[in-house]
Amino acid sequence: MIRLGGRKRVLSSASHGGGLGFASQILNHQVEANGERMKHYPTPSRYLQNLASRLELSGETIGLMTAVPMTQLVTAQTTAQGFWVECFATVGVTNAVKAGEKPLQCTRSKRGTRPGTINLMVITNVSLSIAAMVGAVQVVTEAKTGVLRDHGVRSHRTRSLATGTGTDVVVIACAARGEGPAQQYSGTHTVIGSLIGRAVARCVSQGLAKAEQWQRDSR
């Protein structure tokens, strides 16, 4: 659970609360890779909504799921010129793919309990424009893919160099208008874009190391 310290503007691809909106917390919930606990719910969103209710969470919640153990959670912080960025990540790559591959018929893992999702949650004190929030998602994705390429992570089906996994989620949470330094742009030529890229790259690198160790320990 990541409490955002108030109501923040959020853009995400999360299963629950995804899209553009506001949130007070982010819930990154560990589930079985075979989806056993979700089989009684019509959608992942309904499952996460029920979980948030049982946890008695107040305010809007962004909900994500992963089979990666929470002991493998990694964080990174970057700061410059009064801006700060914090990234939280859980990293698994057994579901790795290259963008453009033909989709699988089923997104649930058929490989036992080996985790395969990269969840990236980025929080900043900067008040990003909507365009800059979209730009932040772009920078997060570029940074993630760059690290995967640097580490030679390959698609589990085609063995091409992977760009991500089939179930990755990105969350961008920033200050509301008037509550932080405003930024219209967030590309890789900007200070905030650089901070986001560095924080995400550190998290994905650390997360890959933990995932590799987890796989060795579970053999």
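The following paragraphs lead through a predicted model of a protein, from its overall build to a few individual residues.

The protein contains eleven strands and three helices. Followed along the sequence, these elements come in the order β-β-α-β-β-β-β-β-β-α-β-β-β-α. The pattern thus opens with two strands ahead of a helix and ends with a helix. Among the elements that will serve as landmarks below are helix α1, which covers residues 44-54, helix α2, which covers residues 130-150, and helix α3, which covers residues 191-218.

The overall dimensions come next. Taken along the principal axes, the box filled by the C-alpha atoms of the protein is roughly 50 × 40 × 30 Å. The radius of gyration is 17 Å, and because a compact globule of 219 residues would have a value near 17 Å, the protein agrees with that expectation. Of the 219 residues, 48% are buried. Among contacts with a separation of 6 or more, 77% are accounted for by residues 24 or more positions apart.

The surface and the charges can be described in a similar way. About 10,800 Å² of the protein is exposed, and carbon and sulfur atoms supply 51% of this area. The protein carries 25 positive and 12 negative charges, and the mean positions of these two sets are 5 Å apart.

The cysteines deserve a closer look. How many disulfides does a search of the whole structure find? The search finds zero. C87 is in no disulfide, although the sulfur of C203, the nearest cysteine sulfur, is 3.6 Å away. C203 is likewise in no disulfide, and the nearest cysteine sulfur to it is that of C87, at 3.6 Å. A disulfide requires the two sulfur atoms to be within 2.5 Å, so a pair at 3.6 Å does not qualify. C87 has 0% relative accessibility and therefore counts as buried. C203 also counts as buried, because its relative accessibility is 0%.

Two further residues illustrate how positions separated in sequence are placed in space. R46 belongs to helix α1. Its C-alpha atom is separated by 7.7 Å from that of H16, and these two residues are 30 residues apart along the chain. R46 has a relative accessibility of 46%, so R46 counts as partly exposed. Q184, in turn, lies in the loop between β11, residues 182-183, and α3. The C-alpha atoms of Q184 and A131 are 7.1 Å apart, while 53 residues separate the two along the chain. When residues up to four places away in sequence are not counted, Q184 touches S129 and A132. Q184 counts as partly exposed because its relative accessibility is 47%.

Finally, the backbone offers two residues of interest. Which sign does the phi angle of E56 have? The phi of E56 is positive, at about 55°, although E56 is not a glycine. E56 sits in the loop between α1 and β3, the latter being residues 61-66. Its relative accessibility is 71%, so E56 counts as exposed. R159 is not a glycine either, yet R159 has a positive phi of about 65°. This residue lies in the loop between α2 and β9, where β9 comprises residues 164-165.

Technical notes:
Residues are numbered from 1 along each chain as its sequence is written. This is a predicted model: local features need pLDDT of at least 70, side-chain atom pairs count only at pLDDT 80 or more; totals for chains, interfaces and linings use all residues. Side-chain values use heavy atoms; hydrogens and water are left out. Helices (H or I, at least four residues) and strands (E, at least two) are DSSP runs, numbered from the N terminus. The radius of gyration is taken over C-alpha atoms; the globule rule is 2.2 Å times the number of residues to the power 0.38. Buried means under 20% relative accessible area, exposed over 50%, partly exposed in between (1.4 Å probe, protein chains only). Contact means heavy atoms within 4.5 Å. Accessible areas come from the Shrake-Rupley method with a 1.4 Å probe; for residues, only the protein chains shown count as cover. Lys and Arg count as positive and Asp and Glu as negative; His and the chain ends are not counted. The place of a charge is taken as NZ of Lys, CZ of Arg, CG of Asp or CD of Glu.
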